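Let's take a walk through this protein together, one region at a time. Keep the sequence and the 3D view open side by side as you read.

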Amino acid sequence: MMKMLSRVCLIAVLLACYVLLSCALEHGKREAEDLQSPDRNSGGNPKAATLMKKVKKTGSKRASVKPKSDISCTKLGGICQPYRYICQGRYLKDKCSGAKTRQCCMPVGAWSIFCAGHHNNRVRACDAHGCGAFNSGRGNNLHKAVDLVCDDYSIVNAPFSGYLAGPVSRKDPSGNQYDGVKLLNDVYCVKIFNIRPYRYIGPVDQGEALGYLLPLQERFSGITSHLQLQMCDHTDPSPFI
């Protein structure tokens with residue numbers, strides 16, 4: 001009788017231990033799940049939990065950095081204003097602080113005068129050899145540049161501050177070759193033909209002498225002497241001159 005009672009007690013103790021161990025394991029499992037749950041970390045707020053999920057999804061993406069001031073625009077001679085306003089010149093993106101709708105308006109004639117001794121950048125009119133305006137006819141083609149009146153051997157100045165990026169050359173349909181130099185900065189890139197540069201590489205300031213105009217009268221009698229200005233992307237440079 002005593003042996004049977006001892007066995008019953010032993011079995012009861014083992015069952016009690018098993019129940020306690022099971023409860024402890026279940027409690028630990030629930031704590032681990034609660035720690036991983038966004039609702040617990042957000043204080044039970046569903047909106048906070050949703051926000052945390054969005055942060056995790058977008059955290060690896062690099063946010064676009066807007067300028068902290070308008071100095072990138074103003075140092076180029078422009079003004080920051082809403083894009084819906086009329087700009088007589090041309091709008092430049094990512095140069096202004098604030099909303100994306102604020103862009104940098106560059107005024108007409110943003111560049112200085114090319115040819116020394118002239119009071120403005122005058123586009124070559126039509127003569128016996130053609131016209132100098134952008135998109136004027138050149139045989140079966142269009143003139144994707146602008147011819148600016150300049151005297152033979154006159155000094156040609158930099159229209160804006162930037163860097164000289166090496167020599168350039170082009171040929172017309174008749175096979176005549178025109179040489180020059182490329183000038184660029186963070187905003188503009190131009191090729192200036194029919195000049196003899198003093199140098200081809202290095203920084204230059206606005207108004208600094210780049211070289212002198214090569215004579216055209218020897219090859220084209222009666223032509224209006226001029227330099228040829230071409231944007232690197234073949235767009236119209238007229239709004240800036």
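Before we look at the strands, one definition helps: two strands count as a pair if DSSP finds at least two bridges between them. Please also keep in mind that this is a predicted model.

With that in hand, find strand 11 and strand 13, the latter covering residues 209–213. They are joined by 3 bridges and run antiparallel. One of the contacts to look for involves Pro-197, whose bridge partner in strand 13 is Gly-211. In general, strands of a sheet pair through backbone hydrogen bonds, in either a parallel or an antiparallel way.

Now zoom out a little. This pair belongs to an open sheet of 3 strands, ordered 7-13-11, with antiparallel pairing. Strand 7 (155–157) and strand 11 (195–197) form the edges, each pairing on one side only. From one strand to the next, the twist averages 40°.

Next, turn to the interior. The largest nonpolar core holds 32 residues, and the members that touch the most others are Trp-111, Phe-114, Val-190, Ile-192, Leu-227 and Leu-229. Several elements give two or more residues to this core, among them strand 3 (102–106), strand 9 (177–184), strand 10 (189–193) and strand 13. The top contributor is strand 14, which gives 3 residues.

Ile-192 is a good residue to click on here. Leaving aside residues up to four places away in sequence, Ile-192 touches Phe-114, Asp-179, Gly-180, Val-181, Leu-210, Leu-227, Gln-228 and Leu-229. There is also a second, separate core of 6 residues, including Val-168, Tyr-178, Leu-216 and Phe-220.

Tyr-178 leads us on to the largest pocket, where it is one of the lining residues nearest the centre, along with Arg-138, Arg-170, Asp-172 and Pro-173. The lining comprises 27 residues, and the volume is about 520 Å³. Strand 4 (137–138), strand 5 (141–142), strand 8 (162–171) and strand 14 each give two or more residues to the lining. Strand 14 gives the most here, with 3 residues.

Finally, let's visit two loops. Most residues other than glycine have a negative phi. Asn-135, in the loop between strand 3 and strand 4, has a positive phi near 70°. Is Asn-135 buried or partly exposed? Asn-135 counts as partly exposed because its relative accessibility is 35%, and the partly exposed class lies between 20% and 50%. Tyr-153 also has a positive phi near 70°, and its place is in the loop between strand 6 and strand 7.

Conventions
Residues numbered from 1 in each chain as written. Predicted model: local features only at pLDDT ≥ 70, side-chain atom pairs only at ≥ 80, totals over all residues. Heavy atoms only, no water. Helix = DSSP H or I, 4+ residues; strand = E, 2+ residues; numbered from the N terminus. Axes fitted to C-alpha atoms, helices over the stretch in contact; angles between N-to-C directions. Core = buried A, V, L, I, M, F, W, Y, C linked by side-chain atoms within 4.5 Å. Buried < 20%, exposed > 50% of the residue type's maximum accessible area, 1.4 Å probe, protein only. Contact = heavy atoms within 4.5 Å. 1 Å grid on protein atoms, 1.4 Å probe; cavity = no way out; pocket = protein on both sides within 12 Å on 5 of 7 lines; lining within 4 Å. Points joined across faces, edges and corners; volume = space filled by probe spheres on them.
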